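Colleague: I'm new to reading structures and I'd like to work through one with you. Could we take it feature by feature?

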Amino acid sequence: MTTTVQDVAVSPWMRKDLLGLWELSPDEIRLILQTAGSFREVSERSIKKVPALRGKTVVNLFFEPSTRTRTSFELAAKRLSADIINIAAQTSSLSKGETILDTVRNLEAFNVDIIVIRHQSAGVPHAIARKSAASVINAGDGSHEHPTQALLDMFTIQEKKGRIEGLNVSIIGDISHSRVARSNVWGLTKLGAKVTLCGPPTLMPKYLDEWNTRVTFDIEEAIEGADVLMLLRIQHERQESTLVPSLREYRLRYGLNAERLARGKPDVLVMHPGPINRGVELDSSVADGPNSVILEQVTNGLAVRMAVLYLVAGQGRPPAIEEK
Amino acid sequence: MSDAPQRDKTRILDAEAIRRALVRIAHEILERNKGVHGMAIVGIRTRGAVLAKRLAAEMQAIDRHSVQVGVLDITLYRDDLSRIAPNPVVHATDIPFDITDLRVILVDDVLFTGRTIRAALNALNDLGRPKMIQLAVLADRGHRELPIRADYVGKNLPTQRQESVDVRLSEIDGIDEVLIEPAQLPERSGGRP
């Protein structure tokens with residue numbers, strides 16, 4: 001039987017929220033990636049808008065600074081014809097002492113359909129999702145998860161390599177503080193990639209038994225045989241200064257430069273979730289070089305977030321103000 | 001999917017009847033538009049896309065000029081998205097040319113309420129401004145809910161509203177046939193309105 005037109009039988013999305021990749025099945029991840037592939041075409045049109053979420057309201061509720069992720073969600077919602085409002089914690093009543101839950105209840109009173117939330121503490125999106133009738137999308141919670149970043153990384157890998165299963169993916173940097181690393185580990189291993197974690201021992205989580213990954217403290221080992229090198233940002237504003245002696249020391253031991261890259265596979269992908277510390281974890285010659293897909297990650301992020309908004313919107317119930 | 005029709009379904013068209021209908025429609029399109037110049041054929045996913053390819057091949061065999069073919073996914077333009085859960089799976093639209101100023105022949109398998117065609121017209125409108133849009137369907141089963149009609153029809157099927165018309169094409173289903181299923185059967189999952 002020849003199939004000329006794709007008619008993939010996939011089960012539909014049944015979750016109200018997207019909180020992390022930990023709880024998703026491989027098929028749920030594949031459905032998001034497939035849907036994102038369909039949405040990418042929309043952003044290549046001259047009229048970059050479809051009416052799928054017409055009349056829906058999305059709130060970007062950001063307790064941490066963000067440009068890329070917030071803009072990406074905002075543009076994704078607009079291209080789906082949803083209305084979107086941005087609330088930054090610094091400029092809202094939260095700075096007047098209102099609790100998060102009260103903020104969310106007030107948003108619900110406006111009948112919002114989807115809440116996109118970023119918070120510095122792990123688990124806040126999960127707590128809100130349990131209390132709220134609106135769909136909740138985790139845009140990063142502490143050092144826990146950043147599911148849409150991992151999904152766009154996986155989407156980019158699949159686009160470039162044609163598959164994820166069987167690939168060697170090395171994640172290099174501050175694993176311990178990285179929600180991007182965690183979400184990628186859960187997602188990539190579920191789709192059959194072999195993940196290597198690399199970084200200084202001080203930036204490696206203590207309990208890695210259930211992670212199903214290889215660990216090395218030597219970047220040369222992480223580069224050898226890798227199909228993908230995922231560099232993480234050294235979050236010098238977030239961590240205690242004692243974990244890395246100096247940025248210069250980090251660069252010498254763990255920075256990716258042209259010389260190190262040359263020892264890897266010629267077609268290795270270089271990825272970074274941004275913002276880049278040029279000359280720390282990644283040299284400019286590599287960040288702007290032929291192996292880098294960093295800007296494609298940004299483009300794909302839009303399609304992935306459109307897909308996620310579309311999928312959770314199908315499961316949200318019309319919000320009702322809680323009795324009691 | 002079983003190849004043999006089941007007891008309670010009536011086969012309305014077989015492979016040969018489908019082929020003849022497509023050849024006739026191909027001739028009609030060429031006659032009305034005086035050839036394939038400035039024309040594009042756009043099929044609505046999934047079975048309309050298959051029919052669009054077949055129509056293009058028939059037209060090329062007759063006219064000796066190739067015609068551009070595209071695939072349209074109308075999911076994001078459905079008028080019932082906010083009424084159904086979960087949201088249906090989205091597939092990609094693949095129209096790798098500018099439809100502005102072209103004569104677009106829109107192709108679908110079954111014309112029923114007309115809501116799919118309404119969605120397709122809006123989707124095409126977002127992709128450009130065609131000179132003209134004409135509609136070709138393999139089966140017209142009536143029960144329109146919108147002021148929409150087909151320009152080319154393979155077969156008019158008088159049906160009851162509760163019956164369902166099942167178009168099977170070899171590229172997807174392994175067999176070419178059109179069946180009518182009696183009422184009370186659950187609707188085919190993923191079906192469009």
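Modeller: Sure. Start with the vocabulary: helices here are DSSP runs of at least four residues and strands are runs of at least two, numbered from the N terminus. Keep in mind, too, that this is a predicted model.

Colleague: Okay, then what pattern does chain B follow along the sequence?

Modeller: Written with α for a helix and β for a strand, chain B reads β-α-β-α-β-β-α-β-β-β-α-β. That string holds four helices and eight strands. Chain A has 11 helices and nine strands.

Colleague: How do I judge how compact chain B is for its length?

Modeller: You set the radius of gyration beside what a globule rule gives. Chain B has 193 residues and a radius of gyration of 16 Å, close to the 16 Å from the rule, so chain B is as compact as a globular protein of that length. Along its principal axes, the C-alpha trace of chain B spans about 45 × 40 × 30 Å.

Colleague: And what does a compact globule predict for chain A?

Modeller: For 324 residues, the expected radius of gyration is near 20 Å, and chain A agrees at 20 Å. The C-alpha trace of chain A spans about 60 × 60 × 40 Å along its principal axes.

Colleague: What share of each chain counts as buried?

Modeller: A residue is buried if 20 or more other C-beta atoms lie within 10 Å of its own. In chain B, 41% of the 193 residues pass that test. In chain A, 48% of the 324 residues do.

Colleague: What about contacts between residues that are far apart in sequence?

Modeller: You take the contacts with a separation of 6 or more and ask how many of them join residues 24 or more positions apart. For chain B that is 69%. For chain A it is 76%.

Colleague: Let's zoom in on helix packing. How do the axes of H2(A) and H11(A) cross?

Modeller: With two helices, you look at how close the axes come, the angle between them and the handedness. Helix H2 (residues 68–79) and helix H11 (residues 294–313) of chain A have axes that come within 8 Å and cross at roughly 55 degrees. That makes H2(A) oblique to H11(A). The crossing is right-handed.

Colleague: Which residues of H2(A) and H11(A) meet there?

Modeller: On H2(A), they include A:Phe73, A:Leu75 and A:Ala76, and on H11(A) they include A:Val298, A:Leu302 and A:Leu309. The contact's residues divide into eight nonpolar, two polar and three charged.

Colleague: H11(A) has another partner, right? How do the axes of H1(A) and H11(A) cross?

Modeller: Helix H1 (residues 26–40) of chain A comes within 8 Å of H11(A), axis to axis, and the two cross at roughly 115 degrees. That makes H1(A) roughly perpendicular to H11(A). This crossing is right-handed. Among the residues making the contact are A:Ile32 and A:Phe39 of H1(A), and A:Val304 and A:Leu311 of H11(A). By class, there are 10 nonpolar, one polar and one charged.

Colleague: Now the two chains together. How many residues does each give to the contact?

Modeller: For an interface, count each side, then see which elements supply the residues. Chain B gives 24 residues and chain A gives 27. On the side of chain B, the elements that give two or more are helix H2 (47–63), helix H3 (115–127) and helix H4 (170–173). H2(B) has the largest share there, with three residues. By class, that side of chain B has 13 nonpolar, six polar and five charged residues.

Colleague: Any odd spots in the backbone? Where are the cis peptide bonds?

Modeller: For those, you check the omega angle. One joins A:Gly274 and A:Pro275, with omega about -10 degrees. A:Pro275 is in the loop between strand S9 (269–271) and helix H10 (284–287) of chain A. Another joins B:Arg45 and B:Thr46, with omega about 0 degrees. B:Thr46 lies in the loop between strand S2 (39–44) and H2 of chain B.

Colleague: And what is the phi of A:Ser81?

Modeller: It is near 70 degrees, a positive value in a residue other than glycine. A:Ser81 is in the loop between H2 and strand S2 (83–88) of chain A. Since A:Ser81 has 15 C-beta neighbours inside 10 Å, A:Ser81 counts as partly exposed.

Note on methods: Residues are numbered from 1 along each chain as its sequence is written. Chains are lettered from A and ligands numbered from 1 in the order in which they are written. This is a predicted model: local features need pLDDT of at least 70, side-chain atom pairs count only at pLDDT 80 or more; totals for chains, interfaces and linings use all residues. Axes are lines fitted to C-alpha atoms, for helices over the stretch in contact, and angles run from 0 to 180 degrees between N-to-C directions. Angles under 35 degrees count as roughly parallel, over 145 as roughly antiparallel, 65 to 115 as roughly perpendicular and the rest as oblique. A crossing is left-handed if the near helix is turned anticlockwise from the far one by less than a right angle, and right-handed if clockwise. Two residues are in contact if their C-beta atoms, placed from the backbone, lie within 7 Å. Ala, Val, Leu, Ile, Met, Phe, Trp, Tyr, Cys and Pro count as nonpolar, Asp, Glu, Lys and Arg as charged, and the others, Gly among them, as polar. The radius of gyration is taken over C-alpha atoms; the globule rule is 2.2 Å times the number of residues to the power 0.38. A residue is buried if 20 or more other C-beta atoms lie within 10 Å of its own, exposed if 12 or fewer, and partly exposed in between; C-beta atoms are placed from the backbone.
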